Amino acid sequence: MKRFLFTFIGLIIFHNGFCQVNGGKTDNELLISRFYNTDSLKEKQSIFDQIEKTFPETLVKNNKPNYDELRRILALNYLVEGNTLKYNFYIDLIKDKVSLSKILNNVASHWVDESELIKNAEQISVLSLNLNNYLLKNAAKFKPTALPLNEWLIELQQRHINFTDTYSFILYKQGNVEKAVSLLKPVYQELKQPTELISEHYSLMLTAAGESKKAIEVIESAIEKGFKSPIMLGQLRKNYIAINGSAIGYERYYSNLEIVIKNNTRNQLIKNMISEPAPFFALKDTAGKVVSLDDFKGKILIIDFWANWCVPCKESFPGMEVAINKFKNNENIKFLFIDTWETEKDSFKAAKKYISSTKYPFHYVFDERILNSKQYKTANAFYVKGIPEKFIIDKKGFIRFKDSGYAGSANQLVDDISTMIELIENN
């Protein structure tokens with residue numbers, strides 16, 4: 001077990017490219033490679049001491065060796081060994097507290113299912129939360145240069161939500177259900193769109209606490225958003241039995257639940273239907289061919305505005321791929337992905353690299369930046385407010401639906417697009 005842990009900590013979670021060193025071009029690279037590849041903590045410590053002596057931190061250039069990363073690895077290995085003095089010593093020396101809080105949460109979430117590591121997971125999870133609270137109180141001091149303060153605060157608040165979820169789930173796994181529920185309850189209640197993982201964790205805690213009615217409410221709400229994890233469906237059945245005394249009638253209940261949710265979604269989409277002329281556009285695709293709105297006359301067109309830096313955009317792509325495959329044999333339904341709002345100097349080159357590496361079956365075109373401006377022509381013409389944002393255009397060239405953001409459910413995304421297409425086809 002210990003051998004596995006050293007490798008896992010050293011090579012998987014904290015690997016930043018140094019393990020790719022082949023042969024040893026320099027003494028620096030050789031030492032770093034040896035540090036990552038050994039399973040012995042004693043040898044790791046010896047190599048680290050040699051790195052410190054040979055390449056003093058005050059003289060390091062380009063962050064190589066990355067002392068913060070090396071110290072994280074040593075600290076967590078010492079924690080696994082039960083040496084809290086050494087763990088605390090190296091944790092305290094880490095300078096980049098912004099990255100540290102996030103990394104510790106990632107480690108804790110990996111360790112939560114390891115019975116031998118659950119106490120360690122709790123310890124570093126608490127530290128990640130405390131560090132993030134400190135960052136929140138001193139947000140301006142630790143704000144990344146390129147990020148506006150309001151966006152930085154949003155990120156830190158999102159971290160607080162995720163870190164609290166991790167910590168409460170660790171407590172739940174250790175049997176401390178009451179405290180776990182008390183921690184996650186306010187987080188769940190404050191979220192407008194709870195994620196699938198938080199919904200799943202909260203339903204498990206409520207079930208363990210014997211609050212079957214509340215657990216069912218959480219699961220039904222999650223299903224309504226398209227979240228149908230096997231764990232939540234299992235919890236739904238378990239709580240149904242707890243309330244009704246048996247599974248009799250469960251299949252009918254669940255079938256009716258899906259019908260009600262589908263009808264509610266459909267009715268809401270009908271309320272959201274609009275009829276606005278789609279603005280004309282003519283943009284180049286990855287092959288340099290001009291693609292215009294006129295190319296889609298007589299067809300239903302789903303336009304997806306995205307950017308290479310936009311995480312929710314990319315998270316929605318697997319669902320969009322499912323939607324495309326669902327309608328691939330229907331020549332009257334087309335999808336178009338417009339890359340816009342890019343900010344980097346070589347942003348389109350980076351976007352094309354991403355497109356090439358992912359190999360999604362998407363038809364991409366690139367929006368045009370307005371001269372001497374950070375604005376983009378087509379995004380402005382469509383009054384895009386945030387990305388990802390989708391516009392569903394009917395066969396006559398009228399926008400019938402606008403859909404902003406991504407709720408985190410590929411199933412819900414596909415269902416919504418399918419329903420919107422059905423509503424357009426049926427007028």
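**Salt bridges, ring pairs and a mixed sheet**

Lys 119 and Glu 122 make a salt bridge, with 3.6 Å between the closest N and O atoms. Everything described here comes from a predicted model. Both residues belong to helix α7 (residues 118–137), where they sit three residues apart, a separation of about one helical turn. The two partners differ in how much of them shows: Lys 119 is exposed, at a relative accessible area of 57%, while Glu 122 is buried, at 17%. The cut-offs behind these words are under 20% for buried and over 50% for exposed.

This bridge comes from a set of 13 salt bridges found in a search of the whole structure. Another one joins Lys 214 to Glu 211, and here the closest N and O atoms are 3.4 Å apart. Lys 214 is partly exposed, with a relative accessible area of 37%, and Glu 211 is partly exposed too, with 27%. A third salt bridge brings together the side chains of Lys 390 and Asp 304, at 3.6 Å from N to O. Lys 390 is in strand β7 (residues 389–393) and Asp 304 in strand β4 (residues 300–306), so this pair ties together parts of the chain that lie 86 residues apart in sequence. Lys 390 has a relative accessibility of 1%, under the 20% limit, so it counts as buried. For Asp 304 the relative accessibility is 1% as well, and this residue counts as buried. Salt bridges can also share partners: one network of this kind takes in Glu 52, Glu 57, Arg 71 and Lys 95.

The strands that hold Lys 390 and Asp 304 are part of something wider. Eight strands make up an open sheet with mixed pairing, and going across it the order is β1-β8-β7-β4-β5-β6-β2-β3. At the edges are β1 (276–277) and β3 (290–292), each of which pairs on one side only. Strands β4 and β7 run antiparallel and are joined by five bridges. Lys 390, in β7, is the bridge partner of Asp 304, so the two residues that meet in a salt bridge through their side chains are also matched up in the pairing of strands that lie far apart in sequence, at 86 residues. Helix α15 (residues 311–326) packs on this sheet, where it touches β4, β5 (333–339), β6 (364–366) and β7. The direction of helix α15 makes about 160 degrees with that of β4.

Aromatic rings add another set of links. A pair of rings is described by the distance between the centres and the angle between the planes. The count for this structure comes to 29 aromatic pairs. In one of them, Phe 48 and Tyr 67 meet edge-to-face, with 5.9 Å from centre to centre and 75 degrees between the planes. Phe 48 is in helix α3 (residues 41–54) and Tyr 67 in helix α4 (residues 67–81), so the pair ties together parts that are 19 residues apart in sequence. Both Phe 48 and Tyr 67 are buried.

Tyr 240 and Tyr 253 form a stacked pair, because their ring centres are 5.3 Å apart and their planes are at 25 degrees, with the limit for stacking set at under 30 degrees. Tyr 240 sits in helix α13 (residues 230–244) and Tyr 253 in helix α14 (residues 250–272), so that distant parts of the chain, 13 residues apart, are linked. Tyr 240 is buried at a relative accessible area of 11%, and Tyr 253 is buried at 19%. Ring pairs also build up a cluster from Trp 306, Phe 317, Phe 337, Tyr 354, Tyr 360, Phe 362 and Tyr 364.

Rings meet charges as well. The charged end of Arg 237 sits over the ring of Tyr 250, 5.9 Å from the ring centre. Lys 352 lies over the face of Phe 366, and there the distance to the ring centre is 5.4 Å.

Finally, there is Ile 424, a residue of helix α18 (residues 410–425). Ile 424 is buried, with a relative accessible area of 6%. Apart from neighbours within four places in sequence, Ile 424 is in contact with Ile 300, Ile 392, Asp 394, Arg 400 and Phe 401. The C-alpha atoms of Ile 424 and Met 273 are separated by 9.1 Å, though the two residues are 151 residues apart along the chain.

Conventions. Residues numbered from 1 in each chain as written. Predicted model: local features only at pLDDT ≥ 70, side-chain atom pairs only at ≥ 80, totals over all residues. Heavy atoms only, no water. Phe/Tyr/Trp six-rings, centres within 6.5 Å; stacked < 30°, edge-to-face > 60°. Helix = DSSP H or I, 4+ residues; strand = E, 2+ residues; numbered from the N terminus. Buried < 20%, exposed > 50% of the residue type's maximum accessible area, 1.4 Å probe, protein only. Lys NZ or Arg CZ within 6 Å of the ring centre and 35° of its normal. Salt bridge = Lys/Arg side-chain N within 4 Å of Asp/Glu carboxyl O. Pairing = 2+ DSSP bridges. Contact = heavy atoms within 4.5 Å. Axes fitted to C-alpha atoms, helices over the stretch in contact; angles between N-to-C directions.
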